[in-house]
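Colleague: I have the sequence and coordinates open beside me. Could you walk me through the packing, and then through the odd backbone spots?

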Amino acid sequence: MNLTLLTSEITVVTLALLLIVLDLLMPKEETRRSLGYVAVLGIIGLLGYTFTLPAATDTVYQGLFIVDRFSIFFKQLFLIATLFTFLFSFDYVDRLPGYRGEFYALLLLAVSGMMIMASANDLLTIFVGTELMTITFYILVAFQFESIKSSEAGIKYMILGSASSAVLLYGMSWVYGYTGSLVLVDIAQQAHTNPAMLVGMGLIITGLFFKLAIIPFHMWAPDIYEGAPTPITAMLSMGSKAAGFAVLIRILFVAFEDLQAHWLLIISIVAAITIVGGTIIAIWQTNIKRMMAYSSITQAGYMLSGLMAADATGVKSILFYAMLYVFANVGAFAVIVAVRQHHGSNEIKDFSGLAQKSPLLAVVMMIALLSMAGIPPMAGFAGKLYIFTAVIEKGYMWLALLGFVMSMVSVYYYLMVAKEMYMNEPQDQQEFVISGQLRLVAVISLLGTLWIGIYPGPLAALASAAANSLSIL
Amino acid sequence: MEHFPLLTAILLTLILGILLIACLPREATQTIKIIAALIMTVALSFTSYAYYAYDFTIGGMQFTENIPWVQDLGVSYAVGVDGISLPMLLLNMLIGFSAIFASWNIDRRAKEFFILLLILLTGVAGTFVTRDLFIFLLFYEMVVIPIYLMVIIWGSTKRVSKEYSGMKLTIYLLIGSAFMLVGIIALYLNAYPAGMRTFSMEALAQAHQLGNLSEEFQIFAFLLLLIGFGSLLSMWPFHSWSPDGYAGAPTAVSMIHAGVLKKIGGYGLIRLGLLILPLGTKFWAPVIAVLAVANVLYAAFIALAQKDLKYVIGYSSVSHMGYVLIGFASLNVIGINGAVANMFAHGILSALLFAMIGYVYEKTHTRYIPDLGGLAHQMPRVATGFMLAGMASLGLPGLIGFIPEFTVFVGAFKEYPVYAVLAIAGIIFTALYILRVLANVLFGPRRAEFDECADVQGAQLVPLIVLGSVLVMFGLFPQVLMGIVNSGVEPLIPLLAQLHAAPVLLGGILQ
């Protein structure tokens, strides 16, 4: 048994524990910024390490835990997302009423859950990883203890999250009951069209859709995105979503390969509903975080449509999209955090005059939103091109047309933010103060989004290698 | 100069300008304007050199460069110009150069304005020089967002609010482009089997000759492209963004949008539609011809009834696009020559018109025709500009508009005699509304309320001089334009002949 394969997970957990200990050693009133720096350094080191990992697929714990290009890609994605989130949330965390050290530690634990999800090769490990991530998020969502909205969001997330976990678990028990195994590859050999399997698969997919906030299981997302601390909202929409996709892809392509005809049907319908619904509802939002919630629902719809291709190019396009979404998302949320610090609220009208107060942040926000809308030369366009090229190739022209038209419609509400930023005058003349780290994240997001959009080759190669490592494809 | 990457240099010059201005403090408005002007001067000189150095006798793509870009998609950074794209590139630079000077009085948030203007010009220039469909798309949609921002920040609210016109313009064009995107992806997938796929326009054009694209597919894909490019070209019934959009937009945006951006639609129809999907083009050509007549007549009628100067010119530009479309639909060398030349001619004259309107509005604060009158007394130079552009617009011989329009009709008459006659009738209406506007705005008794308004002078005189002299020069020496256009269209002869021989499809119903 080669335990070095677990290095990433062990490092992250150790780092979290280290932060908790350090936190105890520090005077109570002092800023916890230093803990953040420790975490950032640790993550950078680990991220560097993941790029040195060998390309070969290997397993530990009798095949329950797999390390392949696919899981490494997702781990890199989580680490990048966490790194940026840490960097832009230093100021935010400093303003939290208490338990600031725990904030960093908990977020790292959530990341370890995501990493386990990416590597999980059997249903139970998947469940453990999912729960590790979600339970940590229950706490993090409610982390602004003085805010009613945050507590409400936490409770809501816990109740609905538990319900969805129950559904997931129930589905797993059906599958286990029929196939007699929890390991994905073993399930694949037994998985034939039969009512028990279909019920099990349906329940598992439903449970995951819930975690991914796919319409019609999206009801929780806007409230929770709005109530949660902004860095957590960012992590929910990038990390949690990507982890959900990692699991969904592995289950569908490894365990339920033979049931493709059935799940393709479900996914095509749900993807179309999600894209249309998320776009249309987002138009009416006046709160930026609620708008981002619907926007992220729509993005999940796009990634879901990549599954329709049901081959390596489709998976590659999803991975590509998930990564570029991270870059766009950190940019947008960094700006949201900055504006929130200045105005104390998250309404879209708070963005008015941002272009005159802080041209850099306005540009970053603009580029991030346009990337999500899929306007070239931003990365989102390349992502949509990859997804819909794969989809059209399988003959789902209607889905591609729907997707492109809806992404152009989504420009409408993204431009509403642009209108506030660029057309309207600032509400006050106060200087806009932003920290160096936040500025750094904003610039990286901007450059990353443009870079991937104009020169998508390297990321596409990385995603392609990851997709091809799913041996079944 | 053999291996000098001229076209890349043009693009880089513009990008350098954007970066330079981005680094300047925003209070330095004068410096910003001077740098923008210098950058455009350099870009315009590079382009003029390309126009001068382009070898007619050889024709085809020249100044080519090719760098592999994204391997797994088959994208390469390939640029080059031929007789169709080079005039368009020159048009872009001429109008961009003039637009900088037409915006000389913009002092509010000048830094953002000139950055956006240069992004816009880079985007348009990029679409004309690229030979790769992927790069084409990157540049094509790059222009949409700057336009939106420019309309909502510096636009004017008259009949419709600037937010409304900006959003309408943006969403119309984007939704049109969604159809186009699907068409392009489908084309990309169908042209070659996996592994050999490419976005190269030449290679895609080969696919038809190789028989990789079935007739049904071409018909379908061309329809998608037609919706996309048709909306951009303000083809009836996708035209309604155009007058509203121009009315809300600041002068420079109206000039560039009406002058050159719209022409990407026509350019795309020829470059992607005709060259890559010839059978699809053949199938839809009669429909385009009918829509073209609708464009010409319907828009001309509406222009007759307008009271806002910008709306008259907005509808007039919709009407003129009808000539481009019918020239294209005729699918013969003369017609397509006329269509391309007409795009150039209309670009110059509409940019001049919008520049003059912008100036009049800046001074008198009104565009309402009944409120204006006798401006020739106070503004003789503006009146000259208006007259030049107006006369060119109604196709007066000796100015730039005549030869292209004449060529279009000669080409169209062969294929669609009835439609051609109807479209020619459009000239009468054009004359009617143009002369009416000119008479009401420029002539008549002197009005005291405009005595304070100074005539155009200084930097703002540049658009009048540049565009006005091009109007006259290309009118007197049409060969300068027609020669190069013809060298671009001539290589199409075999393709067109082949199409002519192909069985008549939908044409049988409508002809």
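**Helix contacts and backbone exceptions**

Modeller: This is a predicted model, and a good place to begin is a helix pair of chain A, where Thr230(A), Pro231(A), Thr233(A), Ala234(A), Ser237(A), Met238(A), Ala242(A), Phe245(A) and Ile249(A) of α10(A) meet Val315(A), Ile318(A), Ala322(A), Tyr325(A), Val326(A), Asn329(A), Val330(A), Phe333(A), Ile336(A), Val337(A) and Arg340(A) of α13(A).

Colleague: What is the make-up of that contact of α10(A) with α13(A), by class?

Modeller: The contact of α10(A) with α13(A) has 15 nonpolar, 4 polar and 1 charged residues.

Colleague: And at what angle do α10(A) and α13(A) pack?

Modeller: The angle is about 170°, and the axes of α10(A) and helix α13 (residues 312-343) of chain A are 8 Å apart. The two helices are therefore roughly antiparallel to each other, given that angles over 145 degrees count that way.

Colleague: Which residues make the contact between α10(A) and α8(A)?

Modeller: From α8(A) they are Ile204(A), Leu208(A), Lys211(A) and Leu212(A), while α10(A) brings Ser240(A), Lys241(A), Gly244(A), Phe245(A), Val247(A), Leu248(A) and Ile251(A). In that contact 7 residues are nonpolar, 2 are polar and 2 are charged. As for the geometry, helix α8 (residues 195-212) and helix α10 (residues 230-255) of chain A pack at about 160° with their axes 9 Å apart, so α8(A) and α10(A) are again described as roughly antiparallel. Their crossing is left-handed.

Colleague: Staying in chain A, is α9(A) largely enclosed or open?

Modeller: Helix α9(A) is largely enclosed by the rest of the structure, because 7 of its 8 residues are buried. The buried ones are Trp220(A), Ala221(A), Pro222(A), Ile224(A), Tyr225(A), Glu226(A) and Gly227(A), and they pack against α5 (123-141), α6 (148-179), α10 and α12 (288-306) of chain A.

Colleague: Switching to chain B, how do α3(B) and α15(B) cross?

Modeller: The axes of helix α3 (residues 85-102) and helix α15 (residues 333-364) of chain B come within 10 Å and cross at roughly 5°, which means that α3(B) is roughly parallel to α15(B). On the α3(B) side the contact is made by Pro87(B), Met88(B), Leu91(B), Leu94(B), Ile95(B), Ser98(B) and Ala102(B), and on the α15(B) side by Val340(B), Met343(B), Phe344(B), Gly347(B), Ile348(B), Ala351(B), Ala355(B) and Gly358(B). That contact has 12 nonpolar and 3 polar residues, and no charged ones.

Colleague: Where do the strands of chain B come in, and what joins β1(B) to β2(B)?

Modeller: Strand β1 (residues 62-70) of chain B is joined to β2(B) by 6 bridges, and the two run antiparallel. Together β1(B) and β2(B) form a hairpin with 4 residues between them, and Gly74(B) in the turn has a positive phi of about 80°. Ile67(B) stands opposite Tyr77(B) of β2(B), and strand β2 (residues 75-81) is mostly covered, with 5 of its 7 residues buried.

Colleague: How many residues of chain B are in contact with chain A?

Modeller: There are 25 residues of chain B in contact with 26 residues of chain A. On the chain B side, the elements that give two or more residues are α5 (133-142), α6 (144-154) and α7 (162-191), and the largest share, 13 residues, comes from α7(B). By class, that side has 19 nonpolar, 3 polar and 3 charged residues.

Colleague: Now the backbone: which peptide bonds in the two chains should I look at as cis?

Modeller: Most residues other than glycine have a negative phi, and most peptide bonds are trans. The bond from Ile215(A) to Pro216(A) is cis, with omega near 10°, and Pro216(A) lies in the loop between α8 and α9 (220-227) of chain A. In chain B, the bond from Trp236(B) to Pro237(B) is cis with omega near 5°, and Pro237(B) sits in the loop between α9 (215-232) and α10 (241-248) of that chain.

Colleague: And what about Gln62(A), is that residue buried or exposed?

Modeller: Gln62(A) is exposed, with 10 other C-beta atoms within 10 Å. Its phi is near 50°, a positive value in a residue other than glycine, and Gln62(A) is placed in the loop between β1 (58-60) and β2 (65-67) of chain A. Arg109(B) likewise has a positive phi near 50°, lies in the loop between α3 and α4 (110-129) of chain B, and counts as partly exposed, with 17 C-beta neighbours inside 10 Å.

Methods. Residues numbered from 1 in each chain as written. Chains lettered and ligands numbered in written order. Predicted model: local features only at pLDDT ≥ 70, side-chain atom pairs only at ≥ 80, totals over all residues. Buried ≥ 20, exposed ≤ 12 C-beta atoms within 10 Å, placed from the backbone. Pairing = 2+ DSSP bridges. Axes fitted to C-alpha atoms, helices over the stretch in contact; angles between N-to-C directions. Parallel < 35°, antiparallel > 145°, perpendicular 65-115°, else oblique. Left-handed = near helix turned anticlockwise from the far one by under 90°. Contact = placed C-beta atoms within 7 Å. Nonpolar A, V, L, I, M, F, W, Y, C, P; charged D, E, K, R; others polar.
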